[in-house]
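Student: I have a new structure to read and would like some help. Could we go through it one feature at a time?

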Amino acid sequence: MKAQDAAALALRAALGPMLVAHGWNKVAGPGGLKGTTGWFEALGLRPAAVHARMAAGTELAAGVGITLGVANPLPAAAAVGLMTVAARTDHRGKGFFVFKGGWEYVGVVGGATVALAALGNGRYSVDGLTGRQRRGSGCALLAAGLGMASAAALLAACYRPDEQPHDEKPHEAPHDTDK
């Protein structure tokens with residue numbers, strides 16, 4: 001086994017199942033999709049129910065794609081997008097360390113997936129078996145650029161942290177009719 005193939009396999013084995021677990025937790029974890037929707041609502045992602053499903057589905061698909069080593073660099077780009085949105089919404093302003101809510105974890109995952117895009121999925125992957133080996137700096141740039149651009153577009157269109165959730169808006173005061 002070549003060192004590059006071993007490194008790609010090790011990265012895929014660490015990153016892919018972790019993303020699948022995170023996606024699955026959003027769907028079937030303690031709070032399920034309802035809890036994830038409430039969390040996303042509190043973060044300011046509107047409409048929260050759509051974003052909860054989209055994040056879970058993207059984590060599951062990117063995780064499976066990375067685990068199997070298929071379609072490099074697209075699953076890496078999806079992971080970069082996920083981590084960028086998480087950094088901007090949930091981890092923003094909390095410093096570096098993840099144990100304080102900081103961006104350490106999402107930064108490492110995003111960086112590792114870009115490194116995997118550059119490295120390629122290796123011989124022991126679907127891409128390797130089909131002869132569709134894509135790797136190099138172009139793949140890394142595509143993963144980083146597409147992921148960050150997608151995250152920026154999503155945040156511009158749907159991130160409204162200052163709006164109150166629709167079911168918690170303050171009630172309007174009754175109109176004064178005695179004037």
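Student: Among contacts in the chain between residues at least 6 apart in sequence, what percentage join residues at least 24 apart?
Tutor: Keep in mind that this is a predicted model. The figure is 67%, counted among contacts between residues at least 6 apart in sequence. Sequence separation can also be set beside distance in space for a single pair: Met54 and Lys100 lie 46 residues apart in sequence, and their C-alpha atoms are 26 Å apart.

Student: Which secondary structure elements does the chain hold?
Tutor: The chain has seven helices and zero strands. Read from the N terminus, the order is α-α-α-α-α-α-α. As for extent, the C-alpha trace spans about 85 × 30 × 30 Å along its principal axes.

Student: How do I describe two helices that pack together?
Tutor: Two packed helices are described by the angle between their axes and by the distance between those axes. Take helix α4, residues 74–89, and helix α7, residues 137–158: their axes come within 7 Å and cross at roughly 45 degrees. Because of that angle, α4 is oblique to α7. The crossing of α4 past α7 is right-handed.

Student: Which residues of α4 and α7 meet there?
Tutor: On the α4 side, they include Leu74, Val80, Gly81, Val85 and Arg88. On the α7 side, Leu142, Leu146, Gly147, Met148 and Leu155 are among them. By character, the residues of this contact of α4 with α7 divide into 13 nonpolar, four polar and one charged.

Student: How does α3 cross α4?
Tutor: α3 passes α4 in a left-handed crossing. The axis of α3, which covers residues 48–68, comes within 8 Å of the α4 axis, and the two cross at roughly 140 degrees. From α3, the contact is made by Ala55, Thr58, Glu59, Ala62, Gly65 and Ile66. From α4, the partners are Pro75, Ala76, Ala78, Ala79 and Leu82. The residues of the contact of α3 with α4 divide into eight nonpolar, two polar and one charged.

Student: Where is Met54 found, and is Met54 buried, partly exposed or exposed?
Tutor: Met54 belongs to helix α3. Residues between 20% and 50% relative accessible area count as partly exposed, so Met54, at 37%, is partly exposed. For the chain as a whole, 37% of its 179 residues count as buried.

Student: How many aromatic pairs are there?
Tutor: There are four aromatic pairs in the structure. One of them joins Trp39 and Phe40 in an edge-to-face arrangement, with 5.1 Å from centre to centre and 65 degrees between the planes. That angle counts as edge-to-face because it is over 60 degrees.

Student: Is Trp39 buried, partly exposed or exposed, and what about Phe40?
Tutor: Trp39 is partly exposed, at 37% relative accessibility. Phe40 has a relative accessible area of 6%, so Phe40 is buried.

Student: How are the rings of Phe97 and Phe99 arranged?
Tutor: Phe97 and Phe99 form a stacked pair, with centres 5.3 Å apart and 25 degrees between the planes. Phe97 is partly exposed at 40% relative accessible area, while Phe99 counts as exposed at 64%.

Student: Which residues form an aromatic cluster with Phe97 and Phe99?
Tutor: Phe96 and Trp103 join Phe97 and Phe99 in one aromatic cluster.

Conventions: Residues are numbered from 1 along each chain as its sequence is written. This is a predicted model: local features need pLDDT of at least 70, side-chain atom pairs count only at pLDDT 80 or more; totals for chains, interfaces and linings use all residues. Side-chain values use heavy atoms; hydrogens and water are left out. Rings of Phe, Tyr and Trp (its six-membered ring) pair if their centres lie within 6.5 Å; planes under 30 degrees apart count as stacked, over 60 as edge-to-face and the rest as tilted. Buried means under 20% relative accessible area, exposed over 50%, partly exposed in between (1.4 Å probe, protein chains only). Axes are lines fitted to C-alpha atoms, for helices over the stretch in contact, and angles run from 0 to 180 degrees between N-to-C directions. Helices (H or I, at least four residues) and strands (E, at least two) are DSSP runs, numbered from the N terminus. Angles under 35 degrees count as roughly parallel, over 145 as roughly antiparallel, 65 to 115 as roughly perpendicular and the rest as oblique. A crossing is left-handed if the near helix is turned anticlockwise from the far one by less than a right angle, and right-handed if clockwise. Contact means heavy atoms within 4.5 Å. Ala, Val, Leu, Ile, Met, Phe, Trp, Tyr, Cys and Pro count as nonpolar, Asp, Glu, Lys and Arg as charged, and the others, Gly among them, as polar.
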